[in-house]
Amino acid sequence: MPNKYAFLGKFIGYYPINWNDINNKLWSKTGRHFVYLLIKQDRVIYVGRTRNLYSRLYNHKYYFDFDRLILFEYKNYKYCCKAESRIIKYYKPVNNIRGI
């Protein structure tokens, strides 16, 4: 899986959604720059960026029906923003409201 997404940034993981795992694994990642892809049945439904991954995903679980998560980490905000824009243009997720 990592080679497929290497052009997008530092691949962190591809996770089936299990909220116990999210609580345990992602809580410690606060303060880093992430782009995340929410997946439903192998289709990207939303792309976002955050520095507080745990909180952001926890909020999304009430708005989006997703079963997987793909994470990329970036060394700074500038790269994170560029990557998010590039990923949205590439996948055209149905739940991203802003223009392409």
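Phe72 sits in strand E4; helices (H or I, at least four residues) and strands (E, at least two) are DSSP runs, numbered from the N terminus. The model is predicted, so local features need pLDDT of at least 70 and side-chain atom pairs count only at pLDDT 80 or more, while totals for chains, interfaces and linings use all residues. Residues are numbered from 1 along each chain as its sequence is written, and side-chain values use heavy atoms, with hydrogens and water left out.

Back to Phe72: at 0% relative accessibility it counts as buried, where buried means under 20% relative accessible area, exposed over 50%, and partly exposed in between (1.4 Å probe, protein chains only). Phe72 and Tyr36 lie 36 residues apart in sequence, yet their C-alpha atoms are 6.3 Å apart in space. Another residue to look at is His33, in strand E2, which is buried with a relative accessible area of 13%. Leaving aside residues up to four places away in sequence, His33 touches Phe72 as well as Thr50, Arg51, Glu73, Tyr74, Lys75, Asn76, Tyr77 and Cys80; contact here means heavy atoms within 4.5 Å.

Phe72 also belongs to the largest nonpolar core, 12 residues in all. Such a core is a set of buried Ala, Val, Leu, Ile, Met, Phe, Trp, Tyr and Cys residues joined through side-chain atoms within 4.5 Å. Its other members are Val35, Leu37, Ile39, Val44, Val47, Ile70, Tyr74, Cys80, Ala83, Ile87 and Ile88. E2, E3, E4 and H3 are the elements that give two or more residues to this core, and H3 provides the largest share, 4 residues. One core member, Leu37, has contacts that include Val44, Val47, Ile70, Phe72 and Ile87, with residues up to four places away in sequence not counted. A second, separate core has 11 residues, among them Leu38, Tyr46, Leu53 and Leu71. In soluble globular proteins, nonpolar side chains tend to be buried together.

Helix H3 takes in residues 77–91, and its 15 residues should span 21 Å at 1.5 Å a residue; the end C-alpha atoms are indeed 21 Å apart. That expected span is 1.5 Å times one less than the number of residues. The buried residues of H3 are Cys80, Ala83, Glu84, Ile87 and Ile88. They cover an arc of only 135 degrees around the axis, so they fall on the same side of H3, the arc being that of the directions from the helix axis to the C-beta atoms. An α-helix has 3.6 residues a turn, so residues three or four places apart point the same way. Strands E2 (33–40), E3 (43–50) and E4 (68–74) are included in what covers the buried residues of H3, whereas Lys78 and Tyr90 are exposed on the other side of the helix.

At the start of H3, a side-chain oxygen of Asn76 comes to within 3.1 Å of the backbone nitrogen of Lys78. After H3 comes Lys92, with a positive phi near 50 degrees despite being a residue other than glycine. Gln41, in the loop between E2 and E3, likewise is not a glycine and has a positive phi of about 50 degrees. Gln41 is exposed, with a relative accessible area of 64%.

As for the cysteines, the count comes to 0 disulfides, a disulfide being a pair of cysteine sulfur atoms within 2.5 Å. Cys80 is buried, with a relative accessible area of 2%. The sulfur of Cys81 is 5.9 Å from the closest cysteine sulfur, in Cys80, which is too far for a bond.

How values were computed:
A polar contact is a pair of N or O atoms within 3.5 Å; within protein, one must be able to donate a hydrogen and the other to accept it, and residues adjacent in sequence count only if both atoms are side-chain atoms.
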